[in-house]
Amino acid sequence: MSAERRPERVAPAALDAALAATGARGGRIVAHPSGAVLAREGDGSEGGTVRADLVGRDGLIGHVEIWGAADEAEAEAALRLVAAVCARGLEHLSLQREQADERERARRLGAAASAVHGSREPREAVARVLSEARTLVDAPAAALLAAGSPSPEVAAYDGMEPLSPADLAALVPPDRRAAILDGAGWTGPLADGPLRDRGLASVALVGVGEGASLGILAVFGVSDDPLRVPDLEALAQLAAHAAASLTMSVLQQEIRDLGAVDPLTRFFNSRYFHGRLDQECQRALRAGVPVSIAVLSLDGLEELRAQGREVAAEAAVEALAGHLADRLRAMDVGCRLGPDELAAILPEVEGIDALRVGERLRASLPGVAGLEDGFTLSIGVASFPTQAGRPESLVENAMSALAWARAHGGDRTFLYSADTAEILRGEERGAETDDEAVLTTVASIAAAIDARHPATIHHSENVGRVGALLAAELGLPPDRAEDVRVAGLLHDVGKIGVSDEIVVPDHELTEDEEQELRRHPEIGERMLAGSRLETVGPWVLHHHERMDGTGYPAGLHGEEIPLEARILAVANAFDRLSNGGPTRFPLRPADVMNELERRSGDEFDPVVVAALRSLVGRGAADVTRPAG
């Protein structure tokens, strides 16, 4: 029995051994949980029954029983030994079969993947995907359901006739649709209906592309038994190859049809950009989602070209495109609009979030290979439909925002606003109007940052008000106190360049996350430069310095820190402690002052803390608290 290598003979050999060892007149071996009889001798009428379980590594796999043994007690001991050997033999052969199946499945998957990737045209790729899916799991039929529709629509069939809408409705169970779109394959029996009338009894469904963006692959079976898990996993792997092939074949077709690629940057060209933007705007209107564009230009390119250094200028554009390509999302579209301008179409992003994308791209430029010679980046951002009613207007608005960024010294990201557009169109407007527009725009960004968490909804407003009161308490003139209020209102604006998960954390920040958060004062100062607001820039830059010199970003010590920055530091801490935050509970006023005085000298200026104590004692310093 131990030497038996033929699967169909293991159980009969084990039964023969059991009968010989016990002297029984008959018996059988039964598999669990199926109940299939693997071997049998006699009909069970030969006398008393003795039974022993077949136990594998993962539990019960069957049992052996004999009938009519002369000595049942002695037979039981012998039968347990036979059962143990039989279980090992069956399990070993089962493992061999699984390994053989896995090798065959891997061979089939490799062949299917090669065939799918060999497709050059979109229609050919779809047909090859369906054919190879059927071959992979020995299925009689397959279909590809189109993506982007609330109800299934078939894009293609293989091995079956077209289905009616009623047939299609039965394919994707409503309670499974969300999971399938999230990447979880599903297999199970079909409900009674027309599909069963055609002889189809089960279906396996896997998404093609991230979020099933390219469709749902449906493979049908004639048995009620669902597809085995390894086969479903193989089908999902084929779907991943299919997504890559379909995406590539569609892009290749578009490139062939449109001549759409800029040869230097490998980004799409201006012709493609305008056609694709029109499509994205139409899709945005149909789906009720936004779309934005960011237009980017390296500061200094015009000077290079004016000096006749065209090769250096083109090399810089190429380096920028390579850098951006690694940082755009899969759904974003990189294009070259002109000699010095690149653009990114940003689907499903608008307003402040689009500005945040642009700011992160700008902030990531230092150290990029090929751009080490002091290049900086200016970016203009605009959104549809909130800031433009037509694709052409969207481009004009983004270019206006880029012009504003360049006009104010470059190395900044600016979000289009109507106020700014008026300033750019009316050269006669004075600096005061310009300052007011800048303040309004930047303040709206600061408010959006505070709105990320209920506990911080009024934070910048509170810091500005308390900061102005402290400035007046310390004897600063009214206009200086007003500047401190503005600085408090804008002190966290640089957090637009930091990810939400770090600005509003639900966990203890890692060292890398802490370093990213510490960039926000420098980002804020750059955003405020270029107008009267640059006066408050140094205060924003240094509001996280400490009296003992261990603060950031410059490690200034004591009175090296501007007084206004020391005021902002105390006002900032006062509001944070009073209102709490995402990971902190609010404190009572007395406890807030005790905490600030405990940290006075090392972190905060004792003179400013004493001025706050005086204000609090008179009931003159309060903060707006979140509703509820």
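Colleague: How many salt bridges does the structure hold?
Modeller: The structure holds 35 salt bridges. Please bear in mind that this is a predicted model.

Colleague: Which residue does Arg196 pair with?
Modeller: Arg196 forms a salt bridge with Asp224, and their closest N and O atoms are 2.7 Å apart.

Colleague: And where do those two lie in the chain?
Modeller: The pair links distant parts of the chain, 28 residues apart. Arg196 belongs to helix α6 (residues 194–197), whereas Asp224 sits in the loop between β9 (215–221) and α7 (229–258).

Colleague: Is Arg196 buried or exposed?
Modeller: Arg196 is partly exposed, with a relative accessible area of 26%. Its partner Asp224 also counts as partly exposed, at 43% relative accessibility.

Colleague: Let us turn to Arg228. What is its partner?
Modeller: Arg228 forms a salt bridge with Asp231, with the closest N and O atoms 3.4 Å apart.

Colleague: Why does Asp231 count as buried?
Modeller: Asp231 counts as buried because its relative accessibility is 12%, and buried means under 20%. Arg228, at 45% relative accessibility, counts as partly exposed.

Colleague: Now for another topic: what does Glu595 bind to?
Modeller: Glu595 forms a salt bridge with Arg599, and the closest N and O atoms are 3.3 Å apart. Glu595 counts as partly exposed, at 21% relative accessibility.

Colleague: Which residues are joined into one network by salt bridges that share partners?
Modeller: That network consists of Asp262, Arg305, Glu310, Glu314, Arg336 and Asp340.

How values were computed:
Residues numbered from 1 in each chain as written. Predicted model: local features only at pLDDT ≥ 70, side-chain atom pairs only at ≥ 80, totals over all residues. Heavy atoms only, no water. Salt bridge = Lys/Arg side-chain N within 4 Å of Asp/Glu carboxyl O. Helix = DSSP H or I, 4+ residues; strand = E, 2+ residues; numbered from the N terminus. Buried < 20%, exposed > 50% of the residue type's maximum accessible area, 1.4 Å probe, protein only.
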